[in-house]
Amino acid sequence: MENEGTDQTKRWIKCYQRLKDQRVATMDQIWQDIANYATPRKAGITTKRYMPDANVEAQIYDATATDSVQRAVAAYTSWTTPASQPWLALKPNLKLKNDDAVKGWLSECSQILNQEINSKSNFQLERLESVADLWNFGTTAIFSEMGEGNRLRFEKIKIGTYVFELDPFGKVYRFIREFDLTAEQAQQRFGEENLPKCIKDCIADNGDKSKSFTFIHIVEPREPSKVGTYGYNVKTRKKYLSAYVEMQSQKMVQEGGYDGFPFTVGRYLSYDSLIQSAGWGYGPGFAILPEARQLNFIQQMMDVFSEKQVFPPMMVPDSFEGSLKTAARALNYYPSGMGPESVYQVPVTGEWSVALERVKMRQDMIKRLCSLDMFQMFAQIDREMTAYEVAQRAGEKLDTVGPIYHRDVRETIEPHLRRAFELCAENGLLPPPPQEAYEAVGRGFVQVSDPEIALTSRLAMAIDAWNARGADEVMQTAAALAPIDPTVMDNIDTGFYIREKSRLVGAPEGLLRKREEVEAIQQSRAEAQQMQQAAMMAKEAGQAIKSVGGVDKVGELLGA
């Protein structure tokens with residue numbers, strides 16, 4: 001095959017092969033085993049599967065692992081990024097937190113972003129698949145871009161088809177994925193003029209357009225000297241280089257770029273490795289694998305035991321060989337002349353209860369490792385309850401999922417939202433920002449200040465409410481002591497408390513007055529109190545004058 005590669009494409013392929021070899025040697029077989037026992041539909045890891053294979057499901061004798069993972073994934077997704085309600089809000093940063101113009105603009109942006117992500121894009125579909133990878137394999141990756149029709153498009157990248165590298169600060173800076181296209185698909189995607197000769201030959205008359213070819217997609221930082229300004233129209237001058245390479249010919253079939261890194265990589269937990277750049281994750285799938293294996297074996301043996309109970313093996317005299325008709329599953333012939341000849345069952349014994357105890361123990365452990373008990377408890381909670389009430393009911397169980405959720409927020413959810421915000425802004429889907437939202441970033445350069453992202457899903461608010469339970473206890477204690485010592489309330493900023501409480505329980509943003517309005521009301525009340533106090537003092541003075549006989553009398557007394 002003719003080699004059409006350049007030094008650059010050869011370096012990319014060499015880099016990909018190095019990272020892939022590390023992944024294959026350490027992770028692929030573990031992922032395959034996890035998929036075999038917990039998620040059969042994702043079992044095409046060590047070998048490519050183009051169609052569903054029922055033989056994988058046929059090897060499962062106990063579906064506890066599959067059921068537990070599916071339930072946990074569905075529950076976690078619903079409680080973190082629900083499709084049925086807004087779950088994100090954009091807030092001004094610390095410098096602009098009291099600017100009403102910026103707050104109003106970001107409030108409108110939040111409504112648009114919720115609609116674009118939840119209703120108009122495929123985020124919810126890909127998010128569910130992403131959480132499934134996170135729970136099973138400990139690692140997940142999603143690609144995002146502005147797709148056709150000016151709509152956000154997300155794509156969860158299949159486990160076992162990509163590699164990545166981390167910078168010294170643990171952030172993904174290079175991502176390479178592998179995928180297959182037929183010759184006809186490659187023509188439609190990249191244009192015939194950009195394809196290598198091997199694919200052009202397939203497209204030609206009488207060629208095999210269905211022949212499959214392997215490509216890699218590389219995204220990495222572009223050399224600083226070749227980068228244009230932010231939002232530069234030429235894609236080959238963007239901050240992040242994007243290149244597609246056909247593996248056999250080593251030819252680059254497309255070059256482009258992105259202003260922001262388009263791939264988001266998340267880990268359930270970090271898998272400690274001496275190769276720091278590997279960065280693969282560790283999820284519940286790893287923990288449940290030994291339990292699922294053993295549970296599967298026990299259930300298989302119990303099926304054998306049950307079958308023998310229903311269809312027991314038989315002892316038959318050898319003189320009956322060929323003449324006895326029976327539906328038994330096994331025939332064991334014994335020599336005749338050893339006593340009365342008869343047909344009888346072979347006793348089948350076993351401690352069924354012991355096996356059941358072992359099965360239940362391992363099933364419970366799998367459910368616990370998947371945090372299923374906590375999510376089942378959430379499902380039993382009234383959906384009309386506030387986040388604070390949920391936190392009170394859930395109690396310490398929130399602590400088990402809290403650290404995982406916070407990592408998910410940092411590595412996946414927030415990067416998704418920031419990327420979506422930037423794409424929507426670049427494509428004119430958001431209203432223009434007010435002048436107050438801009439900040440200087442250098443001589444002659446300004447940019448919109450990055451907003452803070454506040455998550456308003458029920459799990460986020462329940463965790464916040466649970467973490468803030470100490471403030472409630474302080475308020476309750478102060479309220480109990482106030483009748484004895486009223487000065488105790490002087491130690492508490494009740495305005496701050498009520499605002500934080502409103503945020504934690506998910507109250508509507510318009511419920512509380514703006515700080516300026518509150519200050520104006522307080523100032524007006526203070527002035528009214530001063531006027532009332534002055535009026536009372538004047539009244540008391542008038543009464544005093546009257547009681548001594550009038551103004552003249554007061555003058556006489558003073559003169560005296």
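Here is a quick tour of this protein chain, from the overall picture down to one residue. What you're looking at is a predicted model. The chain has 17 helices and 15 strands, and 41% of its 560 residues are buried. We'll stop at two long-ish stretches of helix, then a sheet, a strand pair and Thr 264.

**The whole chain**

- Take the contacts in the protein chain with a separation of 6 or more: residues 24 or more positions apart account for 67% of them.
- On the outside, the chain exposes about 31600 Å², and carbon and sulfur atoms supply 52% of that.

**Two helices with bends**

- Helix 1 covers residues 7-38, which makes 32 residues. At 1.5 Å a residue that should give a span of 46 Å, and the end C-alpha atoms are 43 Å apart, so the two values agree.
- Helix 1 also has a kink of about 50 degrees, centred on Val 24.
- Helix 8 takes in residues 284-310, 27 residues in total. From its first C-alpha to its last it reaches 38 Å, close to the 39 Å expected at 1.5 Å a residue.
- Look at Pro 290 to find the bend in helix 8, which comes to about 35 degrees.

**A three-stranded sheet**

- Three strands line up in the order 3-2-9 to make an open sheet, with antiparallel pairing.
- Strand 3 (151-156) and strand 9 (263-267) are the edge strands, each pairing on one side only.
- Going from one strand to the next, the twist averages 25 degrees.
- Helix 5 (residues 123-137) packs on this sheet and touches strand 2, strand 3 and strand 9. The direction of helix 5 makes about 165 degrees with that of strand 2.

**Strand 2 and its partners**

- Strand 2 is mostly covered, with eight of its nine residues buried.
- Strand 2 (residues 139-147) pairs with strand 3 over six bridges in the antiparallel sense. One pairing to look for is Gly 147 with its bridge partner Arg 151 in strand 3.
- Strands 2 and 3 form a hairpin, with three residues between them. In the turn, Gly 149 has a positive phi of about 70 degrees.
- Strand 2 is also joined to strand 9, by five bridges, and these two run antiparallel. Here Ile 142 stands opposite Thr 264 of strand 9.

**Thr 264 up close**

- Thr 264 sits in strand 9, and its relative accessibility is 7%, so it counts as buried.
- In sequence, Thr 264 and Ile 142 are 122 residues apart, yet their C-alpha atoms are 5.3 Å apart in space.
- What else is Thr 264 in contact with, leaving aside its neighbours within four places in sequence? The list is Thr 140, Ala 141, Ile 142, Glu 411, Thr 412, Pro 415 and His 416.

**A separate stop: strands 1 and 15**

- Strand 1 (residues 88-91) pairs with strand 15 in the antiparallel sense, over four bridges.
- Ala 89 has Ala 454 as its bridge partner in strand 15.
- Side chains alternate along strand 15 (residues 452-455). Ile 453 and Leu 455 point to one face and are buried, while Glu 452 and Ala 454 point to the other and are not.

Methods:
Residues are numbered from 1 along each chain as its sequence is written. This is a predicted model: local features need pLDDT of at least 70, side-chain atom pairs count only at pLDDT 80 or more; totals for chains, interfaces and linings use all residues. Side-chain values use heavy atoms; hydrogens and water are left out. Buried means under 20% relative accessible area, exposed over 50%, partly exposed in between (1.4 Å probe, protein chains only). Contact means heavy atoms within 4.5 Å. Accessible areas come from the Shrake-Rupley method with a 1.4 Å probe; for residues, only the protein chains shown count as cover. The expected span of a helix is 1.5 Å times one less than its number of residues. The bend at a residue is the angle between axes fitted to the seven residues ending there and the seven starting there. Two strands pair if DSSP finds at least two bridges between them. Axes are lines fitted to C-alpha atoms, for helices over the stretch in contact, and angles run from 0 to 180 degrees between N-to-C directions.
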